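Student: Could you take me through one small part of this model in some detail? I would like to start from a single side chain and then see what lies around it.

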Amino acid sequence: MTKAHSVNTRISVVVPVLNEADGIPQLRCKLGRVQSVLAEFGDTEFVFVDDGSTDATLPLLRKAFPEGELCRILSHGRNRGVGAAFRTGFQQASGNIVCTIDADCSYEPEGLKRLVEEMIEAKADVAVASPYHPEGGVQGVGAWRLVLSKVCSAIYRVISPVPLYTYTSIFRAYRWAVIENVKFESDGFVSAAEILIHAAEQGYRVIEVPMVLRARQLGTTKMKIVRTIGRHLAMMSTILMQRFGLSGVQAGRRAPQTLAKAPDPTTSAGYQYSTEKE
């Protein structure tokens, strides 16, 4: 599939949400800024995926973000994990470019514009916010979360097919071809690293954009630390087995996955780029 990007194209922003009732007003304000800074690209579509919230998140989302052509609110009914929320959101996204963000607004909304711009400028397929890049930064994040994320990223940098400083950030921009063709199986936070590794294995170009990660102001993190560590270790083991030929299964080299929809973006005579691999 080939899509074109122009001043009249659409960007989809997928937002996984879990028990964020206290943060919905802040999220509405931040996403209003997202819509404003992305306006030069054309329409901005929001796809919310409530991942089994047990508080008032879902009704508050529906009140704050009326559904329509540019806003969808989906619900899992039970907690399945952020990776599963991404898969659900990707199936409903209709943009040429698909962005993912944290519902806790850990990165400033203007960062999405930087990701999209740098992805286009570099003719890349994925742009990742990178707080661990030498030009990035971290402010107020809990020590345990910071150590886990930094250590995981450092190990992935050594063993994965794409050398990055940050693998665990979900603040990203993707060309549609990546969303359509890169299959990932993790349901939890490990999906962030899995998507990058599989994208690189399939020949897509991944870049990182230095940014500042700030601690959430409302609510608490939803990461289950012990489970997340275990799943990262399992993925690292799979990568190492593949690299050294210890397994006959080429883990991570999946057959392309085709989503059950093919959006047709609006195009014009403006600047264009192809979502086919460069």
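Is Phe90 buried or exposed, and what is its relative accessible area?

Tutor: Phe90 is buried, because its relative accessible area is 5%; buried means under 20%, exposed means over 50%, and partly exposed covers the range in between, computed with a 1.4 Å probe on protein chains only. Before we look around it, a word on the source: this is a predicted model, in which local features need pLDDT of at least 70, side-chain atom pairs count only at pLDDT 80 or more, and totals for chains, interfaces and linings use all residues. Residues are numbered from 1 along each chain as its sequence is written, and side-chain values use heavy atoms, with hydrogens and water left out.

The confidence comes next. The protein chain has a mean pLDDT of 83, with 79% of its residues at 70 or more; pLDDT is the predictor's confidence in each residue, from 0 to 100. Residues 1-7 have pLDDT below 50, and this stretch makes 39 contacts beyond near neighbours in sequence, a contact being heavy atoms within 4.5 Å. Residues 247-278 also stay under 50, with 83 contacts beyond four places in sequence. Where pLDDT is low, the predicted coordinates should not be read in detail.

Now to the aromatic rings. The whole structure contains 7 aromatic pairs. Rings of Phe, Tyr and Trp (its six-membered ring) pair if their centres lie within 6.5 Å, and planes under 30 degrees apart count as stacked, over 60 as edge-to-face and the rest as tilted. One pair, Phe48 with Phe65, is tilted, at 4.5 Å centre to centre and 40° between the planes. That pair links distant parts of the chain, 17 residues apart: Phe48 is in strand β2 (residues 42-50), and Phe65 is in the loop between α2 (57-64) and β3 (71-75). Helices (H or I, at least four residues) and strands (E, at least two) are DSSP runs, numbered from the N terminus. Both Phe48 and Phe65 are buried.

Your Phe90 pairs with Tyr174, edge-to-face, with 6.1 Å between ring centres and 70° between the planes. Here too distant parts of the chain are linked: Phe90 belongs to helix α3 (residues 82-92) and Tyr174 to strand β7 (residues 172-175), 84 residues apart. Tyr174 counts as buried as well, because its relative accessibility is 2%. Phe86, Phe90, Tyr174 and Phe184 form one aromatic cluster.

Another ring, that of Tyr165, has the charged end of Arg157 sitting over it, 4.3 Å from its centre; the test is NZ of Lys or CZ of Arg within 6 Å of the ring centre and within 35 degrees of the ring normal.

Let me add helix α5 (residues 143-159), which has 17 residues and reaches 24 Å from first C-alpha to last, close to the 24 Å expected at 1.5 Å a residue. Its buried residues are Leu148, Ser149, Cys152, Ser153, Tyr156 and Ile159. They lie on the same side of α5 because they cover an arc of only 135° around the axis, taken from the directions from the helix axis to the C-beta atoms. Exposed residues Ala143, Val147 and Val158 are on the face turned away from that buried side.

For the wider setting, the protein chain has 8 helices and 9 strands, and 54% of its 278 residues count as buried.

Definitions and conventions. The expected span of a helix is 1.5 Å times one less than its number of residues.
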